[in-house]
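Let's take a look at the enclosed empty spaces in this model. Here is the structure to follow along with.

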Amino acid sequence: MSTVPPRRTCGTMDVHRRLLTTNPEYARARAAIENRSLAYRSRGAQALRAGITVIPVVVHVVHNTSQQNISEDQIRSQIDVLNRDFRRLNPDVASVPAVFQPLVADARIEFQLAAVDPQGNATGGITRTQTSAASFTDNDGIKSAATGGANPWPSDRYLNIWTAPRLTSAVGDLLGYAQFPGGAAATDGVVILHSAFGTTGTAAAPFNLGRTTTHEVGHWVNLFHIWGDDGTGCGGSDMVDDTPNQGGSNFGAPAFPHLSCNNGPNGDLFMNYMDYVDDTAMFMFTAGQVVRMQATLDVERSTIGTTRTVLTSPRVPALAQIGAVSRSPDKLDIFVTDRDGAILTAAWEPAFPDWWHGWWSLNGGRAAAAAPVHAVSRSTDKLDAFVIGTDNVVYTAAWEPSFPDWWHGWWQLNGGVAAPGAHVTAVSRSTDKLDVFVVGTDGRVYTAAWEPGFTDWWHGWWPIGDIRVPQDAAVHAISRSADKLDIFVTDVNGVIFTAAWEPAFSDGWHGWWELNGGRAAPGAPVTAVSRSADKLDIFVVGTDGRVYTAAWEPSFPDWWHGWWPIGDIRAPQGAPVHAVSRSTDKLDIFVTDVNGAILTAAWEPSFPDWWHGWWELNGGRAAPGAPVTAVSRSADKLDVFVVGNDARVWTAAWEPSFPDWWHGWWPIGD
């Protein structure tokens with residue numbers, strides 16, 4: 001078993017002082033490193049690694065008991081924490097006091113378990129060593145097989161992390177320790193108590209959020225403790241300009257402000273990762289600390305990791321709808337109109353080493369700021385995008401791999417004129433067939449169609465019936481099986497209507513029918529999904545702010561069943577609910593509530609109590625009612641997108657293999 005210290009303890013400075021007094025080469029190296037770091041900071045040097053540094057990690061699990069042989073899930077949870085903390089993506093960064101918020105910075109460092117071992121073989125980046133030692137000290141015994149530990153992988157290529165059954169020192173139990181740059185390669189790396197590693201498994205409070213490893217990796221990239229390690233005096237320095245001087249370490253979860261060293265009115269920066277507070281109380285690096293880390297990556301650790309280009313994020317209005325589509329398994333394309341009206345796209349495929357590619361201007365297209373772009377894949381690896389331009393005309397553009405110049409278009413879609421602020425909706429009812437819907441200037445719903453056999457490209461526009469809807473309303477369209485179409489809309493009185501089309505209908509569209517007496521705000525968006533052939537489920541936010549659903553199957557003698565409320569959350573009236581079927585007869589829905597929390601609920605036939613949820617999706621926040629877009633890029637995989645409070649596009653992902661359900665949020669661009 002391990003002994004968890006009652007408060008944070010770190011052996012890094014003891015190791016540092018020992019090496020300074022016993023190893024003259026280390027002392028000379030450290031003096032040179034500090035001189036270079038000072039010169040780098042004073043001249044405002046531009047980092048050589050201008051993008052994101054991705055560092056391969058090997059985790060050496062050294063265990064005395066089976067419990068200490070921590071799971072891969074626990075290890076991956078720690079990698080996730082490192083990536084959030086070093087990229088300023090941790091949700092609790094919002095807890096930094098307002099006066100310190102301008103100091104918070106993205107370190108531009110990411111971590112991934114090594115995929116290739118030192119011999120060039122495929123690896124999962126984890127080694128496991130059974131040891132007879134019940135504990136180790138900070139004398140580096142865990143870093144050698146000869147003393148019961150595990151030998152490191154080459155430290156010029158990998159960040160070595162050892163997890164220990166127990167760590168002790170002359171003053172008591174330790175949570176971890178690291179070696180500063182400049183030490184011997186054979187002992188370079190980070191050691192962490194197994195019960196202070198990651199967020200699951202054996203991780204024990206108050207050190208169960210992975211911040212011990214964040215702290216120790218901070219030392220590995222040359223950060224000192226924030227108080228300067230002078231005991232409780234006020235003369236020490238962490239060699240960083242923007243961290244306030246403070247009198248010693250802080251423990252637990254201090255209340256802001258905590259004053260020392262005459263540093264009022266704001267006091268200590270105790271929420272910094274390099275203080276000694278509990279995991280729940282530390283959540284930031286400063287810009288000055290990032291400069292020091294980048295200086296280390298440029299020189300002392302220049303051989304480790306790879307660099308990927310920084311993707312610059314567009315700025316998007318708060319309630320903008322993001323268009324997302326999967327054009328083939330495990331490929332994603334997203335579309336957005338920024339606050340200047342530029343239409344932009346980005347793409348993701350597993351083969352992309354740097355995650356997302358983009359953002360690219362989609363053929364110079366322009367629309368009103370935040371105008372929704374609707375994208376559809378009419379067959380594998382073909383994309384069609386639709387938007388309403390600044391002249392209120394519907395435009396389309398297309399992409400296929402055979403196009404040498406990427407996107408073709410924009411073309412006016414048959415001169416169709418939409419109402420100001422209207423949304424355009426597109427659907428592919430079978431391979432290489434497209435149907436588009438929009439609200440016209442007279443408040444009626446119009447449609448146009450395209451098939452390869454049409455000699456004049458697009459046919460239409462035709463009005464569908466004679467109902468009237470608000471001019472800025474969205475029409476939702478779905479194909480529940482090949483060549484069958486169903487559309488849904490909320491009219492000017494808040495009544496929810498549906499209409500249908502099939503080739504067997506000789507007289508065109510059938511409907512409109514009032515859908516079971518459903519009511520919502522006038523023009524409120526209705527979302528529909530087909531979870532299997534010829535089954536329909538629809539969702540809307542009712543006049544009471546709750547999410548309601550209704551369902552249709554051919555076996556229902558009375559057509560539609562419902563409406564039923566799903567739980568008791570509250571969303572703004574008119575907020576969109578996004579629904580997706582990730583595999584046959586499975587449903588997932590998403591909404592942003594009145595407080596800006598992004599929530600999800602799920603349904604499967606095996607659930608005896610119908611819907612499960614709502615769950616808050618990983619602490620994500622957006623404007624109240626902000627549209628969430630979800631897509632399933634392959635069976636049982638989900639990706640969601642939303643515009644965050646910082647006007648960037650954010651994403652989160654779910655797969656059954658994720659032990660902690662959802663991964664993310666990550667911004668798409670910096």
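Which element gives the largest share of the lining of the second largest cavity? That would be α2, with 4 residues.

Some ground rules: this is a predicted model, where local features need pLDDT of at least 70, side-chain atom pairs count only at pLDDT 80 or more, and totals for chains, interfaces and linings use all residues. Residues are numbered from 1 along each chain as its sequence is written, and side-chain values use heavy atoms, with hydrogens and water left out.

The structure has 2 cavities of 30 Å³ or more. A cavity here is a set of points, on a 1 Å grid over the protein atoms alone, where a 1.4 Å probe fits but cannot get out; lining residues have an atom within 4 Å of a point. Points are joined across faces, edges and corners, and a volume is the space filled by probe spheres set on them.

| Cavity | Volume | Lining residues |
|---|---|---|
| Largest | about 40 Å³ | S37, Y40, R41, M239, V240, G288, V291, R292 and A295 |
| Second largest | about 40 Å³ | E34, S37, L38, R41, M239 and R292 |

For the largest cavity, α2 (24-42) and α5 (287-298) are the elements giving two or more lining residues. Of these, α5 gives the most, with 4. Helices are DSSP runs (H or I, at least four residues), numbered from the N terminus.

As for chemistry, the lining of the largest cavity has 5 nonpolar, 2 polar and 2 charged residues, while that of the second largest has 2 nonpolar, 1 polar and 3 charged. Nonpolar covers Ala, Val, Leu, Ile, Met, Phe, Trp, Tyr, Cys and Pro, charged covers Asp, Glu, Lys and Arg, and the others, Gly among them, are polar.

Notes
On a 1 Å grid over the protein atoms alone, a cavity is a set of points where a 1.4 Å probe fits but cannot get out, and a pocket is an open set with protein on both sides within 12 Å along at least five of seven lines; lining residues have an atom within 4 Å of a point.
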